[in-house]
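Trainee: I should like to examine the reasoning behind the labels given to this structure. May we go through them in turn?

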Amino acid sequence: MSTVFSELPTVRYEGPSSTNPFAFRWYDAQRVVLGKTLAEHLRPAVCYWHSFCWGGQDPFALGGPLFDRPWFSGAPLAAAQLKLDNAFDFFRRLGLPFWCFHDRDVAPEGATLRESNALLDAVLERAARQMQDSGVRLLWGTANLFSHPRYMSGAATNPDPEVFAYAAAQVKHAIEWTHRLGGANYVLWGGREGYESLLNTDLKRELDQYGRFLAAVVEHKHRIGFTGTILIEPKPQEPTKHQYDYDSATVDGFLRRYGLQGEVKLNLEVNHATLAGHSFEHEVATAAALGLLGSIDANRGDEQLGWDTDQFPNNHVQLVPAMLEIIRHGGLGQGGMNFDAKVRRQSIDPEDLLIGHIGGIDTLARAFLCAAELHASGELERAVEQRYAGWQGELGQAILGGASLETLAQRVQAQDLSPLPRSGRQERLENLVNRFV
């Protein structure tokens, strides 16, 4: 079948010296590093929404899409099926093992939920056959609870319980399809679960609604036997002024409050971390420390722009610290790294989409290889271990064992303790990292 990608080559690994724009220079999928292949470590995925649904519009653009894609016109169901066929042709040429989607990416909205579900069923039946033929697996599915006007004031946190119920029904169908397609995870992106103004917001009520919604999702997961991980994707703002899943630490507190520990993990996006005022490695390290590290939306922002620009990653040096945290954590488990990124709106040719993904996966692979070499050297770990060595001694263990303030005060006075500051050696460690990048 002819697609818009038919003239493009299948992407192969050619090594760092290659000048072929349609070849991987760093992503050798079968290369074994730290006991697993690069493909097993990164578990990379193509996202459906930016790659095949976005037409290049921006908030100031008038008219139709900039990108000339045949599925942007015609009868809705036929267009959705054509889009799916083109997407799987793209997946095959790129050779990544996974894809991921929102329900409304795949099929159009109907006049009723029953009609919307029927449209989604028709297209995902086709997707199931394409997955079987291609070997491409589903990293995660999700429901779009933010684009339709009904979700203007949120889905789970909406002041109208009918909207809550509609969103719940939509998620039920989406998670059941994710289960049927063998999805490794199910993501909840609360794009409008927040507020614009406290003047018309009952914040506690909305938090309780959100907690109940998430609990219902977890309950249904177990009811249908879905063994994938439920993931929340934190984001601080945009489109709402303040979102309740602001960052990793905020979501951890939310999960603890509503008794959902151990049931939900995090899908972390690079650009969302920076919008929250954090580095990406901070969010990864925090999630790992809290037992919440699940999966990654691999993209980047623009340091001169204060919104979510969703660009392909292209600076491996910036990603090495985050990759190191992932390695220290033991990897992403059932998670992976999907490209929640889009080409720039002046990159209108189909080959631009392929080249954007090639550069993105090469950036991730190169960052991972650098981090793996740094980790294998043990130098950074030894420096950190030495810095905290005192906590393995008798005093450190006594403190962690529950020593009281009275006991510690007596000890300080009896031994005339007067500890001196010790260098953190930050510059030395920064130079160490630079040796491996």
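The discussion below concerns a predicted model and takes up a strand, its partners and a pair of helices.

Trainee: What makes strand β6 largely enclosed by the rest of the structure?

Mentor: Buried means under 20% relative accessible area. Five of the five residues of β6 (residues 98-102) are buried, so the strand counts as largely enclosed.

Trainee: Which residues of β6 point one way and which the other way?

Mentor: Phe98, Cys100 and His102 point one way, while Trp99 and Phe101 point the other way. Residues on both sides are buried. In a regular strand, side chains alternate between the two faces of the sheet.

Trainee: How do you know that β6 pairs with β5 and with β7?

Mentor: Pairing requires at least two bridges between the strands. Three bridges join β5 (residues 44-47) to β6, and five bridges link β6 to β7 (residues 137-142), so both cases satisfy the definition. The strands run parallel in the β5 pairing and likewise in the β7 pairing. Cys100 of β6 stands opposite Cys47 and also opposite Trp140 in β7.

Trainee: Why are helices α7 and α8 called roughly perpendicular?

Mentor: Helix α7 (residues 203-224) and helix α8 (residues 248-257) pack at an angle of about 75°. Angles of 65 to 115 degrees count as roughly perpendicular, and the label therefore applies to α7 and α8. Their axes are 10 Å apart.

Trainee: Which residues make that contact?

Mentor: α7 contributes Lys204, Leu207, Asp208, Tyr210, Gly211 and Leu214, and α8 contributes Phe254, Leu255 and Arg257. By class, the contact has five nonpolar, one polar and three charged residues.

Technical notes. Residues are numbered from 1 along each chain as its sequence is written. This is a predicted model: local features need pLDDT of at least 70, side-chain atom pairs count only at pLDDT 80 or more; totals for chains, interfaces and linings use all residues. Side-chain values use heavy atoms; hydrogens and water are left out. Axes are lines fitted to C-alpha atoms, for helices over the stretch in contact, and angles run from 0 to 180 degrees between N-to-C directions. Helices (H or I, at least four residues) and strands (E, at least two) are DSSP runs, numbered from the N terminus. Angles under 35 degrees count as roughly parallel, over 145 as roughly antiparallel, 65 to 115 as roughly perpendicular and the rest as oblique. Contact means heavy atoms within 4.5 Å. Ala, Val, Leu, Ile, Met, Phe, Trp, Tyr, Cys and Pro count as nonpolar, Asp, Glu, Lys and Arg as charged, and the others, Gly among them, as polar. Buried means under 20% relative accessible area, exposed over 50%, partly exposed in between (1.4 Å probe, protein chains only).
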